[in-house]
Amino acid sequence: MTPQHLLLSLSAGMFLISTGSAQTAAPAAASAADAAAPAAASASASAPAASAPARGRRGPGGPAAPDAPPAAWDRPADGKPIFSEDFESGSLNDKVWTQHVNKPDATTIKVQQDSVAHGKYALQVHTPKGTSGAYAMVGVAVPESLRDHFYGRAYVSIHGIPAGHSVLMLAGSLGYQLSDFLEIGSSRGRFQPSFQLNKPLPPERPRGEKTYSQGTLPMGHWFCLEWEFFDKPDRIVIWVDGKLTSNEAIAYSIIKGEPPTTSGLTGGFYEFNLGFRAWAGALANDVDIYYDDVAIGDKPIGQLTPVVEKAAAAPAASTP
């Protein structure tokens, strides 16, 4: 990463970013860190197998079933991102990012220096112990060229996440949290990719979800999370540190009594959000999620240099 403001790149040179009721034009360019990263194709895992659906947003449920390897998936060569954010400006650009926070007295979203993947700054989403029903997300408009399909990458460090359904990132219609979206979440120490229908038209189109469980969620250290979102047909693919971790085709019956829909579930990707939301009860401990080097584009983004974790402080010497 290099010290610079949020940069956006499109072939047309400019696009409009939604910031609540206003729209702001953003200059087009990708971060220097990504521009310098070499393009490379990564091999995908083999041994296809279907994964068992996981319990959804209401809680951790019983023990997780044994994990199954993801179905093999072809990944093209890496390319330059269309949008990237390295937080090296030292603050969150409110002309680009829209905050969705329902309990601002409890949860905090800030750009900080204590824990970073690269450079000097990274985003932290903090939710204190005892908080219940809170969400804290930041959203950015998805370019029109990525409306039905896009790749993404973020360096992530997860601390204290509960066992129940938690939300990390998502993309779909406008208006989080009453929107329809594909989600990368977690449950019982595993990734929980899912479709969430949160903009119901009852009674024929009730609120609902379709969840899957596949891939171990890394915790307590930085890792490179990459994903591929499709809306036509709907699918979520996840890589962790370059390794294929989850590959799920999404099918959901939007209209009660009709066959499952497998394409166009979200209605298109208009906003991409990341942060933290827990569907369980009051948190048993503080939860801190850190994000760095966020990027999306029409090709895989690829990894940056390996993260050098800060060494833990040595304990103070005791006096005789």
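This is a guided tour of a predicted model, moving from its seven-stranded sheet to the aromatic and charged side chains.

**The sheet**

Begin by selecting the seven strands that make up an open sheet, which follow the order β5-β8-β17-β10-β11-β12-β13 and pair in the antiparallel sense. Strands of a sheet pair through backbone hydrogen bonds, either parallel or antiparallel. At the edges you will find β5 (98-101) and β13 (208-211), and because each has a single partner strand, one side of each is left without a neighbour in the sheet. If you look along the sheet, neighbouring strands are turned by 20° against each other on average, with direction ignored.

**Strand β10 and its two partners**

Next select residues 166-172, which are strand β10, together with residues 180-187, which are strand β11; the two run antiparallel and are joined by six bridges. To check the register, show Ser166, which stands opposite Ser186 in β11, and then Gly172, which stands opposite Phe181 in β11. Now add residues 271-278, strand β17, which pairs with β10 in the antiparallel sense, again over six bridges. Here Met169 has Leu274 of β17 as its bridge partner. With a surface displayed, β10 should appear mostly covered, since seven of its seven residues are buried.

**Strand β11 and the hairpin**

Keep β11 selected and ask how many of its residues are buried. Eight of the eight are, so this strand is largely enclosed by the rest of the structure. In a regular strand the side chains alternate between the two faces of the sheet. In β11 both faces are covered, with Asp180, Leu182, Ile184 and Ser186 buried on one side and Phe181, Glu183, Gly185 and Ser187 buried on the other.

Extend the selection to residues 190-197, strand β12, which pairs with β11 in the antiparallel sense over eight bridges; within this pairing, Gly185 stands opposite Gln192 in β12. The two strands form a hairpin with two residues between them, and Arg188 in that turn is worth centring on, as it has a positive phi of about 55°.

Before leaving β11, display the side chains of Asp180 and Arg205, which form a salt bridge whose closest N and O atoms are 2.8 Å apart. This pair links distant parts of the chain, with Arg205 in the loop between β12 and β13 and Asp180 in β11, 25 residues apart. Both Arg205 and Asp180 are buried.

**Aromatic pairs**

Turn now to the rings, of which a search of the whole structure finds 12 aromatic pairs. Select Phe83 and Trp97, whose ring centres are 5.7 Å apart and whose planes meet at 75°, so the pair is edge-to-face. Phe83 lies in strand β4 (residues 83-85) and Trp97 in the loop between β4 and β5, so the pair ties together parts that are 14 residues apart in sequence. Phe83 counts as buried at 0% relative accessibility, and Trp97 counts as buried at 2%.

A stacked pair can be seen by selecting Trp227 and Phe272, which are 5.5 Å centre to centre with 15° between the planes. Trp227 belongs to strand β14 (residues 222-231) and Phe272 to β17, so that the pair links parts of the chain 45 residues apart. Both residues are buried, and they belong to one aromatic cluster formed by Phe150, Trp227, Phe229, Phe269 and Phe272.

**Charges over rings, and a network**

Select Arg147 with Tyr270 to see the charged end of the arginine over the ring, 4.1 Å from its centre. Then move to Arg75, which lies over the face of Trp239 at 4.8 Å from the ring centre.

Side chains of opposite charge can pair when their charged atoms come close. The structure holds four salt bridges, and Arg75 is a good place to stay while examining them. Which residues are linked with Arg75 in a network of salt bridges? They are Asp78 and Glu226. Arg75 meets Asp78 at 3.1 Å, N to O, and meets Glu226 at 2.8 Å, N to O. The pair with Glu226 links distant parts of the chain, since Arg75 is in the loop between α1 (32-36) and β4 while Glu226 is in strand β14, 151 residues apart. Arg75 counts as buried at 10% relative accessibility, Glu226 is buried with a relative accessible area of 2%, and Asp78 is buried as well.

Note on methods. Residues numbered from 1 in each chain as written. Predicted model: local features only at pLDDT ≥ 70, side-chain atom pairs only at ≥ 80, totals over all residues. Heavy atoms only, no water. Pairing = 2+ DSSP bridges. Helix = DSSP H or I, 4+ residues; strand = E, 2+ residues; numbered from the N terminus. Axes fitted to C-alpha atoms, helices over the stretch in contact; angles between N-to-C directions. Buried < 20%, exposed > 50% of the residue type's maximum accessible area, 1.4 Å probe, protein only. Phe/Tyr/Trp six-rings, centres within 6.5 Å; stacked < 30°, edge-to-face > 60°. Lys NZ or Arg CZ within 6 Å of the ring centre and 35° of its normal.
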